[in-house]
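Trainee: Got a minute to go through a model with me? I'd like to start with how the chains meet.
Mentor: Sure, put it up.

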Amino acid sequence: MTSRALLASFAFVAATGSALAADPIRIGVPVGLSGANSVVAPSVVQSAELAVEEINAKGGILGRPLALDVADDGSGAAGAQKAFDALIFQKKVNVLISMETSAARNAGLPIVARGKTPYIYTSFYEGKSCSPYLYVNAWVPEQQVPPIVDYFNKEKKAKQYFLIGSDYAFGRGMLSFTKAYIEKTGGKVVGEEYLPMDGSDWTSIISKLKASGADAIVTSTAGGAPNVTLTKQLRAAGVSLPYGNLAVDEGTAKSMGADAADIYISASYVTGIDSAANKKFLAAMGKKFGADLKTPNDLSVPEYEGVYAYKAAVEKAGGTDPQKVLAALSEVSVDGPRGTIKMDKQRHAPLTMYLGQVQADGGVKVIQSFPNVDPGAQCPPKS
Amino acid sequence: MPEARQLGQAAAPIGIPTRLWMAALALLIVGGILAAPLLLDTYIVNILIRAFFVAIAAVTVDIVWGYCGTLTFGQSAFFGIGVYALAIIFTEYGFGPWQALLAIATAIVAAAVVAALTGWLSFYPGSSPLYASIVSLVVPIVLVQLVYSGGTFTGSSSGLVGFESFDLELENWFRLAGLSLAAVAVVTLIIMRSDTGRLLKALRDNDERCTYLGVDTSRYRIVVLVLTAIVASLAGFGYAAFGGVAAPENASFTFGTRLIIMVALGGRGTVIGAIVGALSIEVSSAYLSGSLPYVWELIIGIALIAVILAFPDGLVGVIKQLTHGIQPFERGPITRLRPIETAAVKSTDSEIALELKEVGKHFGSLSVLDGVEFVAKRSELLSLVGPNGAGKTTLIRCLSDGRERSTGFVAIAGHAIDRQPPNRIVEFGLGRKFQAASIFEALTVAECLRVARTHRARPSLVSTSIDLELPPAAISVVERSGLLERLDEEARRLSHGLKQALELAMVLSLEPEVLLLDEPTAGLTRAERQAFADILTSLASRDRLCILLVEHDLDFVREISSRIIVLHQGRIALDGSVDAVANSALVREIYTGQQAGDDGKES
Amino acid sequence: MLIVALDAVTTAALLLIISSGLLIVFGVMKIINFAHAAFITVGAYAALVGARLGLPWVLLVPVAFAAGAACGALAEVTIVRRLYQRPLDAILATWGLGIVIGQIVTLIFGREVQFVQAPITGTIELLGVDYSAYRIAMIGAALVVALVFSALLNGTRLGLSTRAVIMNEMLAQGLGVDSARVRLVTFAIGSGLAALSGALITPLSSVDPNMGVPWLISAFMLVMVSGGSLLTLAVSSLVLGGLQVIVSTFVNPILGGLTIAICAAVVLRVRPEGFARA
């Protein structure tokens with residue numbers, strides 16, 4: 001409904017460290033507390049809060065404590081402009097670390113440039129967003145799509161693909177990459193259809209899908225409602241083809257109940273990752289938030305790691321000077337729940353990707369993992 | 001109470017102190033805008049720059065809705081057109097003086113074209129305000145959908161960013177945006193207080209009456225929409241030039257509704273209210289909503305409902321009420337009445353004023369009127385009588401609106417009316433007075449009369465004239481009814497009888513050749529009725545009008561008519577002199593209520 | 001081709017179910033209820049709560065209706081009643097009401113999508129094609145809604161009063177019809193029908209605080225075009241809904257989504273009475 005463009009005035013100052021009297025390093029988190037991202041935003045904020053608490057408990061960064069400033073970007077451009085303005089010019093934050101919509105990120109970039117503030121973007125997106133101030137530690141299509149398509153090609157003997165998306169930058173961007181990748185690997189795309197972002201009636205597209213003779217589906221819709229309506233309507237129409245979904249997370253899958261079973265997803269984080277770092281992270285989250293815990297996910301965990309990446313960069317740079325920190329960000333690596341991550345590929349990061357299958361209870365079973373998938377040429381240097 | 005005065009009495013000019021006061025206020029505002037960025041911190045300056053551009057869009061909503069009465073959700077679409085004109089052109093062709101000019105031209109032309117199309121869809125003779133509202137809702141939705149499917153050209157959901165734009169200092173952006181808003185506000189206030197502004201208020205008050213005063217209301221509404229669209233588009237242009245971002249939400253209907261909420265909360269139809277609403281919502285949301293994103297929305301919703309229920313005039317209305325006793329009541333200029341010579345040379349008695357051939361009106365198989373034929377000349381005072389449901393009102397409608405009748409031919413003063421809308425037929429020389437007094441309640445008596453002169457005297461865009469030029473027939477009604485003493489009073493305060501007289505004077509201001517009156521004496525006192533009879537007979541004899549009167553009161557008819565037509569079951573039953581008809585068996589039957597029953601629907 | 005026909009008919013059925021509540025309010029009160037989408041949402045969440053309490057599916061629909069009708073009655077008494085003389089303000093106030101309801105739902109249930117079990121799943125074979133069983137069931141549901149609706153209007157005393165108010169309110173008042181009561185009941189029924197439709201679409205829709213919004217514009221346009229009668233609403237749903245399916249299938253679904261709004265606007269421009277008296 002009425003999306004608002006608003007920004008947060010509440011500053012969450014984590015004051016756990018006892019002897020930290022120095023001037024704090026301020027981390028700005030513009031995030032969609034309202035609007036399309038409002039479902040996932042609380043989990044992102046929790047991730048940031050845990051990272052800040054842990055770092056402050058161990059003495060902060062170079063002896064300075066961390067302070068968190070969260071601002072609502074309304075999940076859109078207008079709100080993001082205000083949120084970035086407030087964080088950079090009013091709160092004077094040292095860095096922005098956040099998961100946002102592409103519209104919000106784009107709206108923020110000119111402000112980030114004006115304020116000369118480093119910006120670590122922690123949301124997966126359609127790729128190719130480039131600015132000297134921007135680093136990305138989440139996946140792009142080059143990393144996410146191949147696991148699903150390769151699996152369908154090999155294990156499901158899929159030859160003919162049908163692509164369905166929401167008509168927006170992410171939906172179109174993901175599917176145009178998917179189409180190219182399918183064709184490169186010898187498959188054929190027999191249909192590619194889009195519905196407006198707020199569309200909820202997939203009837204005609206499903207009828208076309210059934211008539212197309214496709215043997216696999218890949219979808220990339222706006223998160224939340226369109227994902228749910230599409231899946232429900234696919235299942236109601238009796239579609240049981242191999243179904244790869246580029247936009248569903250574990251939480252949304254749960255809300256679809258049995259309809260979500262057998263959906264294939266590809267992610268850099270699933271709660272089921274069997275590593276010591278992940279288990280430690282989940283335990284710490286559970287301890288800190290208890291019953292209020294929002295399940296950590298592929299959009300919130302990179303936020304946690306982003307804070308640590310900034311810590312490493314400041315320590316390497318010997319201070320918070322933006323230019324030095326920006327240079328250091330491509331050289332430091334972080335060991336986190338998703339493994340070891342270094343944003344050294346044109347300001348993007350190679351990631352370990354997991355192919356998962358949604359189970360009848362809404363959980364995700366990891367079928368295969370693909371270590372160190374390269375993000376490809378996201379921001380090639382201009383010649 | 002304004003003092004009574006004679007014709008031609010000089011009016012008091014606007015007091016000099018008022019002018020000084022206004023000039024001082026203007027200086028204060030301009031000075032404030034120039035100085036403010038030096039005093040405020042960067043953050044609030046940023047917020048205010050955007051808020052100024054948004055407030056300009058809110059002012060356009062106020063014009064279309066507050067002043068002209070069309071609830072529009074669509075101004076955001078025009079704002080968005082300006083945003084995208086700039087973003088697309090700077091992205092495609094880079095930044096430079098020519099590109100900037102091209103972008104401004106595109107913003108203006110695209111907004112004007114879309115607005116003209118929207119206007120054509122929304123406003124046509126007989127269109128409902130509800131329908132116009134819904135159309136205004138569709139426009140931004142379609143536009144945003146186009147943006148979404150525009151790929152890299154429009155930037156789809158991510159919007160466009162990273163284009164080079166005007167390189168101004170933050171302080172200068174503030175001054176530019178602030179002065180633009182002030183300029184838009186001042187120009188709007190001047191126009192809305194001019195004669196043109198009164199006309200727009202008249203459209204809001206009573207669109208039908210305007211149409212029957214010969215005003216092409218659809219055209220006015222479309223022109224207003226196009227002009228406000230251009231202003232909104234330029235506001236969007238400035239917004240994007242400052243922000244360096246174009247996003248679909250700049251054009252969304254959500255933004256459109258937010259503009260409405262701003263105007264509603266601030267106070268509609270005041271310009272100042274729109275600005276107060278826009279600035280206060282933008283600024284307070286920047287400070288408050290982040291901590292309570294959901295509750296903020298809830299507060300806005302509740303505030304909207306509360307304002308509409310309890311304070312329809314918004315914040316500004318509340319303040320006005322509170323300060324009403326303190327501030328001296330600002331009185332407009334005092335109207336000076338002036339007679340004009342009727343330009344048209346009146347022709348001889350034999351000239352036919354009204355001609356009907358085979359006029360019929362059918363709903364499916366039901367005939368309300370069938371084969372009605374008669375001719376009326378100048379100076380004839382023709383009464384149309386008949387029982388309820390005989391089709392009298394329907395016949396009046398068929399004479400005054402070309403689209404009403406199903407079959408047949410009607411000519412007014414020698415012009416065939418074809419399928420023309422009422423405002424065109426008025427130009428042929430028709431004046432219609434409705435059964436229930438149809439005037440502009442929110443205007444003063446003088447303003448009502450001035451609106452009625454729109455077809456002769458093009459209303460000024462900047463000033464309010466003191467002189468009110470009326471034809472002798474209208475003046476005589478104004479004088480004889482006692483309206484003269486109350487020219488500068490709001491029409492809503494008039495008695496029922498005076499309202500009827502005012503409407504008659506308005507219709508006579510059209511200098512009609514044919515006058516249609518639908519039960520003009522209903523609800524009048526005996527004295528008022530007698531005065532009315534005198535006025536009508538002198539209009540017929542002295543001003544040589546052809547008058548067609550629908551009337552129930554047979555005594556009244558008998559007293560003033562030169563001829564009577566009896567309509568019965570949609571057909572002409574009798575047509576003849578007063579004596580012949582009034583004494584006929586049929587009329588006696590009808591008026592003693594026997595046998596002739598209600599057998600048709602008068603709808 | 002058969003699939004397109006089935007898509008068209010089932011789409012029309014859904015549209016009819018969703019807009020019938022709006023129609024009755026528009027018919028009697030001559031206002032467009034902008035809170036319609038919010039009442040759809042209320043219905044879906046009422047069904048959700050009912051399901052969590054373990055009610056069987058057949059009971060969820062009446063529960064949703066009751067919840068919507070209660071909210072509607074409350075809204076009529078507190079807000080709408082005061083605005084009959086100001087129809088454009090009524091639009092705005094109901095819009096505000098929609099915001100308030102949406103935010104209250106959000107505060108109680110959160111933003112996230114909720115899970116509601118579907119009563120009918122899978123497909124049935126119809127004339128040689130597999131088709132969604134639930135969508136077929138919606139045709140029946142639309143017929144039931146239409147029949148109950150006309151039975152109410154034509155077979156009851158209240159219906160008689162309602163029709164009298166629709167035709168000529170002054171006259172109806174003169175004949176002793178309590179038009180204030182008629183309006184209260186009408187608004188409650190209209191809101192109840194919206195909520196009922198919200199419950200009925202849960203198996204095809206996502207259940208979240210904004211779920212009603214995508215349907216709103218289509219419903220507005222259909223009601224405007226229908227001119228206020230149930231029969232013409234059915235015709236409009238079939239014609240425009242069918243057109244939407246055809247455009248979606250043969251041109252593209254994005255344009256399809258705009259079909260109803262644009263066609264209805266043009267139809268009303270060319271023929272202000274819409275499909276009425278066609």
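Trainee: So how many residues of chain B are in contact with chain C?
Mentor: 31 residues of chain B are in contact with 29 residues of chain C. Contact here means that the C-beta atoms of two residues, placed from the backbone, lie within 7 Å. Keep in mind that this is a predicted model: local features need pLDDT of at least 70, side-chain atom pairs count only at pLDDT 80 or more, and totals for chains, interfaces and linings use all residues. Residues are numbered from 1 along each chain as its sequence is written, while chains are lettered from A and ligands numbered from 1 in the order in which they are written.

Trainee: Which elements of chain B supply at least two residues of that side?
Mentor: α5 (129-148), α11 (253-266) and α13 (293-310) of chain B. α5(B) gives the most, with 11 residues. Helices and strands are DSSP runs numbered from the N terminus (helices H or I, at least four residues; strands E, at least two).

Trainee: And what is that side like by class?
Mentor: The side of chain B that touches chain C has 23 nonpolar, 7 polar and 1 charged residues. Ala, Val, Leu, Ile, Met, Phe, Trp, Tyr, Cys and Pro count as nonpolar, Asp, Glu, Lys and Arg as charged, and the others, Gly among them, as polar.

Trainee: How do α5(B) and α9 of chain C cross?
Mentor: α9(C) covers residues 213-226. The two axes come within 11 Å and cross at roughly 145°. Axes are lines fitted to C-alpha atoms, for helices over the stretch in contact, and angles run from 0 to 180 degrees between N-to-C directions.

Trainee: Left-handed or right-handed?
Mentor: The crossing of α5(B) and α9(C) is left-handed. That is, the near helix is turned anticlockwise from the far one by less than a right angle; clockwise would be right-handed.

Trainee: Which residues make the contact?
Mentor: From α5(B), Y131(B), I134(B), L137(B), V138(B) and I141(B). From α9(C), I217(C), F220(C), M221(C) and M224(C). By class that contact has 9 nonpolar, no polar and no charged residues.

Trainee: Switching to chain B itself. What's in it?
Mentor: Its secondary structure comes to 23 helices and 14 strands. The C-alpha atoms fill a box of roughly 90 × 60 × 45 Å along the principal axes. Of the 603 residues of chain B, 53% count as buried. Buried means 20 or more other C-beta atoms within 10 Å of the residue's own; exposed means 12 or fewer, and partly exposed is in between, with C-beta atoms placed from the backbone.

Trainee: How is chain B divided into domains?
Mentor: Domain 1 is 20-253, domain 2 is 352-429 + 514-603, and domain 3 is 435-511. The bounds come from an automatic or database domain assignment. The centres of domains 1 and 3 of chain B, taken over C-alpha atoms, are 34 Å apart. Their contact takes 18 residues from domain 1 and 21 residues from domain 3.

Trainee: What gives the most on the domain 1 side?
Mentor: α8(B), with 7 residues. By class, the side of domain 1 of chain B that touches domain 3 has 7 nonpolar, 4 polar and 7 charged residues.

Trainee: Now sheets. In what order do the strands of the open one in chain B run?
Mentor: β9-β11-β12-β6-β13-β14, 6 strands with mixed pairing. Two strands pair if DSSP finds at least two bridges between them. β9 (430-433) and β14 (571-576) of chain B are the edge strands. Neighbouring strands are turned by 15° against each other on average, direction ignored.

Trainee: Are β11(B) and β12(B) parallel or antiparallel?
Mentor: Parallel, over 5 bridges. L515(B) has I547(B) in β12(B) as its bridge partner. Helix α15 (392-400) of chain B packs on the sheet, and its direction makes about 150° with that of β11(B).

Trainee: What does β4(B) pair with?
Mentor: β4(B) (352-363) runs antiparallel to β5(B) (366-377), with 8 bridges joining them. The two form a hairpin with 2 residues between them, and G364(B) in the turn has a positive phi of about 60°. β4(B) also pairs with β7(B) (407-412), antiparallel over 5 bridges. There K357(B) stands opposite F409(B).

Trainee: Last one, I182(A). Buried or exposed?
Mentor: Buried, because 24 other C-beta atoms lie within 10 Å. I182(A) sits in helix α5 (169-184) of chain A. Leaving out residues up to four places away in sequence, I182(A) touches V149(A), Y161(A), G187(A) and V189(A).
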